[in-house]
Amino acid sequence: MKRKLWILLLTCITLAILLAGCGGAKAPEKKAAAPLKELKVTYVKAPLNIPSIVDKANQTVVKGFEKDGTKVTFPEIISGAKQTEALAAGSLDIASCLGGTSAILAASNGADVKIVGIYSRAPKAFNIMVKDPSIKTAADLKGRRVAGPKGTILHQVLAAALAKEKLTLKDVEFRSTGITAGINALLSGETDAALAAGAEVLRAQRAGARILANGEGLVNATIVIGVSGKFLKEHPDAVKKFMALYQESIDFMKKDPDKAFAFTAKETGLSIDDVKLMAPWYDFSTAITAKDIKDLEDTQTFLLANDMQKKKIDIKSMIAEVK
């Protein structure tokens, strides 16, 4: 009996000590995210990315993050596929100007790419160029040679223009080239049509080519601002701050267009008149609208229909607008 009493007493003492310890212990505090030492943001100036050029001239993002002790670097990665690869690898934090096609293809292949804003919409900037006067509509491209970048907004514009005439990409002889190479082939007679954007449209026109069709009424030509889901989760404040600083460059462009156009002309080698001519083609508002999501869904339909994308994804799951 005594032995049982001692066991009971020892048990009570042990429980009392444990309860006292639990009552006095504090829950482990969640560690704050380590300060961001470097922010890597793509810099893409073509075809006419005025806000990015304005930011570079004014150093808005650089100065804004300096206050936090964060160094901002601007790797010039032009290819959308390479941008998404860099996001996945962690060698890039923000793809400031990423084609909707590239973002969707990466996500469908398992990359954790999130769209935090729209960079631009510019249907008038993406064109099908021809020289032959007998080519009057996209229907006249049947059996003809067309050159341009495959799996891009320009390629989608071509597909949409053909579809309007009840044709498909299989009805043309398509050759994948860069934009400049495609225009050179058109001007030399090596191809019957070429896909062009930005300043290459003006160059082609001045050399005797003309616009057969563009994205207006067909494709909204949506360019997005992308980040990796991992980076967004770990550094939401940095993404939010970048978007706010980027908006400052858009505001500057609206308040002082002459200076913004001068920056752009100097950076691109275009004349100020050419910049003024092309600037109205672009809508740089960053808010993601229902129309933007619909355009991205249409882009996915194009990619799937032409065997460039194998797995369908939920486009809305990619949206992570930062406010």
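Two strands are said to pair if DSSP finds at least two bridges between them, and in this predicted model strand S5 (residues 126-130) meets that condition with strand S8, since five bridges join the two, which run antiparallel. The protein holds 13 helices and 10 strands, and buried residues make up 49% of its 323 residues. Among contacts with a separation of 6 or more, 78% are accounted for by residues 24 or more positions apart. The points below take up S8 and its partners, then helix H7, then the sheet that contains Ser120, and lastly a pair of helices.

**Strand S8 and its partners**

- Strand S8 covers residues 193-197, and because five of its five residues are buried, the strand is largely enclosed by the rest of the structure.
- Ala193, Leu195 and Ala197 point one way from S8, while Ala194 and Ala196 point the other way, and all of them are buried.
- Across the antiparallel pairing of S5 with S8, Asn127 stands opposite Ala196.
- Strand S6 (residues 145-148) also pairs with S8, but in the parallel sense and over two bridges, and here Val146 stands opposite Ala193.
- As a general background to both kinds of pairing, strands of a sheet are joined through backbone hydrogen bonds, either parallel or antiparallel.

**Helix H7 and its buried side**

- Within helix H7 (residues 179-187), the residues Gly182, Ile183, Ala185 and Leu186 are buried.
- These buried residues cover an arc of only 160° around the axis, which puts them on the same side of H7.
- In general, an α-helix has 3.6 residues a turn, so residues three or four places apart point the same way.
- The buried residues of H7 pack against the strands S5, S6, S7 (173-176) and S8, and also against helix H8 (199-206).
- After H7 comes Gly189, whose phi is positive, near 85°.

**Ser120 and the three-stranded sheet**

- Ser120 lies in strand S4 (residues 113-121), and it counts as buried because its relative accessibility is 3%, where buried means under 20%.
- Leaving aside residues up to four places away in sequence, Ser120 touches Ala221, Thr222, Ile223, Tyr282, Asp283 and Phe284.
- One of these, Ile223, is the bridge partner of Ser120 in S10, and seven bridges join S4 to strand S10 (residues 222-228), with the two running antiparallel.
- S4 and S10 belong to an open sheet of three strands in the order S3-S10-S4, in which the pairing is antiparallel.
- Strand S3 (94-99) and S4 stand at the edges with a single partner strand each, so one side of each is left without a neighbour in the sheet.
- The twist of this sheet averages 30° from one strand to the next.
- Helix H4 (residues 80-89) packs on the sheet, where it touches S3 and S10, and the direction of H4 makes about 150° with that of S3.

**Helices H2 and H11**

- Helix H2 (residues 50-58) packs with helix H11 (residues 257-268) at an angle of about 90°, and their axes are 9 Å apart.
- Because angles of 65 to 115 degrees count as roughly perpendicular, H2 and H11 are therefore described as roughly perpendicular to each other.
- On the H2 side the contact is made by Ile50, Ile53, Val54, Lys56, Ala57 and Asn58, and on the H11 side by Ala260, Phe261, Phe263, Thr264, Glu267 and Thr268.
- Sorted by class, the residues in the contact of H2 with H11 are seven nonpolar, three polar and two charged.

Terms used:
Residues numbered from 1 in each chain as written. Predicted model: local features only at pLDDT ≥ 70, side-chain atom pairs only at ≥ 80, totals over all residues. Heavy atoms only, no water. Axes fitted to C-alpha atoms, helices over the stretch in contact; angles between N-to-C directions. Helix = DSSP H or I, 4+ residues; strand = E, 2+ residues; numbered from the N terminus. Parallel < 35°, antiparallel > 145°, perpendicular 65-115°, else oblique. Contact = heavy atoms within 4.5 Å. Nonpolar A, V, L, I, M, F, W, Y, C, P; charged D, E, K, R; others polar. Buried < 20%, exposed > 50% of the residue type's maximum accessible area, 1.4 Å probe, protein only. Arc of directions from axis to C-beta.
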